[in-house]
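This report covers a sheet with its core, and then the contact between two chains. The structure is shown first.

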Amino acid sequence: MKVSTTITPGDHLPVLLERIERQEKSARSRAVLYSLVPVALTIVLLGYTASSVRNAQKQVDALKTEAATYTTQIDSLKKNADTYKNQSQSLQGDAESYKNQVTELQAQLAEAQKTLSEAVNLSRAVRTTDYANAKELASRFPGSESLLLDMLDLRQRRIKWKPGGQSLQEGFDSPSFAMYILKQKRASGIELRPGESLSDASHSLYDKLPPTTQPRTGDLVFYPAGYAMFYFADPREGPFVLGMTPFGITALKSDFAKPVGYRQVQWR
Amino acid sequence: MNMRAKIEFLKSAIASQQVTLHLQIALAAMLFVLGITVVILSFVNPGLILAETLKTGQTLAGTAVAANGFIPIFFSRRDKIVALRSLLLSYQHQQVGGLSPDAKLDEYFDQYFAKVL
């Protein structure tokens, strides 16, 4: 600042001093301003930055919370997935088991249908036989009376059909029943080896007895389904066979199935 | 002009300028101490003023504030005070020594204030 030419230092010292004071006052104000402005600016910038950081921190916290929620949900979903996986495996196992059961039941059904079919065929060939016509038959065939009456007696006792059965209590299948009768009546050539069961012996019955093409009353007739039946020649009503069938002890027409072969029995 | 008046005038001018100078030095020291404190705290205790993530920003801001403390020094009137004090001492020397007034000294006096003001 230049001093005006009208004021000279020599003449106006008070005025000059006043100017100097004003100038210094202004310089002090500037000094304070220059010092405080950067500080204030720094404080404002730091405040703004801190505020931004706080907001960012809040957002981060919110995102963390959200992430934690998602993590929990993911864990829950994983557990559910594991549970469903286990259930699925269990159900697959069950399905496999049911499939096997169905296959087994289908096989049983086929077997039952086959048995039913056989039973139907057998039922068509059933011949009525009781004590009355047993007596009549016995009068015609004196040698067979005892055999016929014994079997009718067993029928009266309702001896059951039992595959592999070996006693009166549990029942018999057809060959083991024939073997039982032969053993009871002491037919010749029929002996059980030591330790041999009735069922085992019955399987070799076909091979043990001598074959014949002209069966007589008391001989054995073997059929493809495994039946071993005693043959009875009845010239009046036609020949029939008597033995164990799934219906129990039953008399059937001898031609209910094509015989596999005839075997001669030597009765004592 | 009265020598005594000039001496009194110079004393007043010097005193006024010294007040300004002291204020400038105080402000500079304050800014410097404040800036350095901020810088040191950013290293010693990063989370005290601002979050730890803003450590670098705090260091830079502290450095800027400390550097600002030196700015008033550039506007220092220490040279003015030295010049005025020389004039004052010269006048006092004349007065104490009973010397005859030096016209050259008055000329310097006028030149100085013409230049400064």
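Leaving aside neighbours within four places in sequence, with which residues is A:Leu242 in contact? In this predicted model, the contacts of A:Leu242 beyond those neighbours are A:Thr129, A:Met151, A:Met229, A:Phe230, A:Phe232 and A:Ala251.

**Core of chain A**

A:Leu242 belongs to the largest nonpolar core, which has 33 residues. Together with A:Ala178, A:Leu220, A:Val221, A:Met229, A:Phe230 and A:Val241, A:Leu242 touches the most other members of that core. At least two core residues come from each of helix H3 (145–156), helix H4 (174–184), strand E4 (220–222), strand E5 (228–232), strand E6 (240–245) and strand E7 (248–253) of chain A. The most are given by H4(A), with six residues. A second core, separate from this one, holds 12 residues, including A:Leu13, B:Leu84, B:Leu87 and B:Phe109.

**Sheet of chain A**

Six strands of chain A form an open sheet in the order E3-E8-E4-E5-E6-E7, with antiparallel pairing. Strand E3 (211–212) and E7 of chain A are the edge strands, each pairing on one side only. The table lists pairs of adjoining strands, with the number of bridges and one residue pair for each.

| Strand pair | Bridges | Residue pair |
|---|---|---|
| E4(A) and E5(A), antiparallel | three bridges | A:Phe222 and A:Ala228 |
| E5(A) and E6(A), antiparallel | three bridges | A:Phe230 and A:Leu242 |
| E6(A) and E7(A), antiparallel | six bridges | A:Met244 and A:Ile249 |

A:Phe230 is thus listed twice for A:Leu242: A:Phe230 is one of its contacts, and A:Leu242 is the bridge partner of A:Phe230 in E6(A). E6(A) and E7(A) form a hairpin, with two residues between the strands. Six of the six residues of E6(A) are buried, so this strand is largely enclosed by the rest of the structure. H4(A) lies across E4, E5 and E6 of chain A and runs at about 110 degrees to E6(A).

**Contact between the chains**

The contact between the chains takes 25 residues from chain A and 30 residues from chain B. On the side of chain B that touches chain A, at least two residues are supplied by each of helix H1 (3–44), helix H2 (55–68), helix H3 (71–74) and helix H5 (103–116) of chain B. H1(B) provides the largest share of that side, 12 residues. Sorted by class, the side of chain B that touches chain A has 20 nonpolar, eight polar and two charged residues.

How do helix H1 (residues 13–124) of chain A and H2(B) pack, and at what angle? Their axes are 10 Å apart, and the angle is about 170 degrees. H1(A) and H2(B) are therefore roughly antiparallel to each other. On H1(A) the contact is made by A:Pro38, A:Val39, A:Thr42, A:Leu46 and A:Thr49. H2(B) contributes B:Gly57, B:Ala61, B:Ala64, B:Val65 and B:Asn68. By class, this contact of H1(A) with H2(B) has six nonpolar, four polar and no charged residues.

Note on methods:
Residues numbered from 1 in each chain as written. Chains lettered and ligands numbered in written order. Predicted model: local features only at pLDDT ≥ 70, side-chain atom pairs only at ≥ 80, totals over all residues. Contact = placed C-beta atoms within 7 Å. Helix = DSSP H or I, 4+ residues; strand = E, 2+ residues; numbered from the N terminus. Nonpolar A, V, L, I, M, F, W, Y, C, P; charged D, E, K, R; others polar. Core = buried A, V, L, I, M, F, W, Y, C linked by C-beta atoms within 7 Å. Buried ≥ 20, exposed ≤ 12 C-beta atoms within 10 Å, placed from the backbone. Axes fitted to C-alpha atoms, helices over the stretch in contact; angles between N-to-C directions. Parallel < 35°, antiparallel > 145°, perpendicular 65-115°, else oblique. Pairing = 2+ DSSP bridges.
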